[in-house]
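Colleague: I've got this one open next to me, and I'd like a close look at a single part instead of a full tour. Pick the part you'd show first, and walk me through it.

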Amino acid sequence: MDFHDTPFLYRLAADFTVVLHFAFVMFVLLGQILITAGAFAGWNWIRNFKFRVIHLASILFVVLESVAGIVCPLTTLEKWLRKQAGQVSYQGDFIANWIHEVLFIDEGTVEPWVFTACYSLFGLIVLLTFYFAPPRRKPRQSPAEEV
């Protein structure tokens with residue numbers, strides 16, 4: 001296999017996009033599980049302000065694109081890369097396809113609004129943890145304390 005082969009590079013980029021997409025999904029899902037567990041266990045790191053804001057922004061992005069009927073940009077990119085590589089791509093969105101592959105759900109039996117409702121419910125759970133286990137900013141040190 002020639003590594004300078006253009007279809008190979010597109011396929012490699014498409015595979016990387018899937019890995020990135022999967023990592024994003026795992027960040028949102030596992031992040032929430034850890035935040036919830038950490039709230040009960042008293043883990044201070046789950047209150048990290050930057051982590052929590054990035055986590056909240058991630059799920060809000062998913063909810064907003066779902067409500068607006070926008071296909072995820074990573075899904076669009078992956079499909080385009082697969083087409084450029086001469087590969088057949090899947091139908092629907094990434095999460096629906098992933099769930100289909102894992103749980104054998106027939107895309108025809110689950111309406112798109114079900115995924116929108118699930119994303120929205122998950123987003124609500126993330127927002128609730130902001131209330132019940134709020135993130136905290138590190139207190140700023142005065143210049144005299146930094147020395």
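**One helix up close**

Modeller: To set the scene, 66% of the contacts in the protein chain with a separation of 6 or more are between residues 24 or more positions apart, a contact being heavy atoms within 4.5 Å. Bear in mind that this is a predicted model, where local features need pLDDT of at least 70, side-chain atom pairs count only at pLDDT 80 or more, and totals for chains, interfaces and linings use all residues. Numbering runs from 1 along each chain as its sequence is written, and side-chain values use heavy atoms, with hydrogens and water left out.

The chain has six helices and zero strands, where helices (H or I, at least four residues) and strands (E, at least two) are DSSP runs numbered from the N terminus. Of its 147 residues, 30% are buried; that label means under 20% relative accessible area, while exposed is over 50% and partly exposed lies in between (1.4 Å probe, protein chains only). The protein chain exposes about 10,100 Å², and 69% of that comes from carbon and sulfur atoms; accessible areas are Shrake-Rupley values with a 1.4 Å probe, and for residues only the protein chains shown count as cover.

My pick is helix 5, which runs over residues 112-132. Those 21 residues reach 31 Å from first C-alpha to last, close to the 30 Å expected at 1.5 Å a residue (the expected span is 1.5 Å times one less than the number of residues). Now look at which way the side chains go. F115, T116, Y119, F122, G123, V126, T129 and F130 are buried in helix 5. They cover an arc of only 145° around the axis, so they sit on the same side of helix 5; the arc is that of the directions from the helix axis to the C-beta atoms. The background is simple: an α-helix has 3.6 residues a turn, so residues three or four places apart point the same way. Turn to the other side of helix 5 and you'll find W113, L121, Y131 and F132 exposed. F132, for one, has a relative accessible area of 62%.

That outer side brings us to the surface. L60, L64, L121, L124, I125, L127, L128, Y131 and F132 form a nonpolar patch with about 930 Å² of accessible area together. The patch rule takes residues with over 30% relative accessible area and no salt bridge, joining like charges within 9 Å and nonpolar side chains (Val, Leu, Ile, Met, Phe, Trp, Tyr) within 5 Å; a salt bridge is a side-chain nitrogen of Lys or Arg within 4 Å of a carboxyl oxygen of Asp or Glu. Helix 2 and helix 5 each supply at least two residues of the patch, but helix 5 gives the most, with seven.

One last stop, just past the end of helix 5. R47 is in the loop between helix 1 (6-41) and helix 2 (49-67), and R47 is buried at 16% relative accessible area. Neighbours within four places in sequence aside, R47 is in contact with R52, A133, P134, P135 and R136. So, in short, helix 5 has a buried set of residues on one side, held within that 145° arc, and exposed residues including W113 and L121 on the other.
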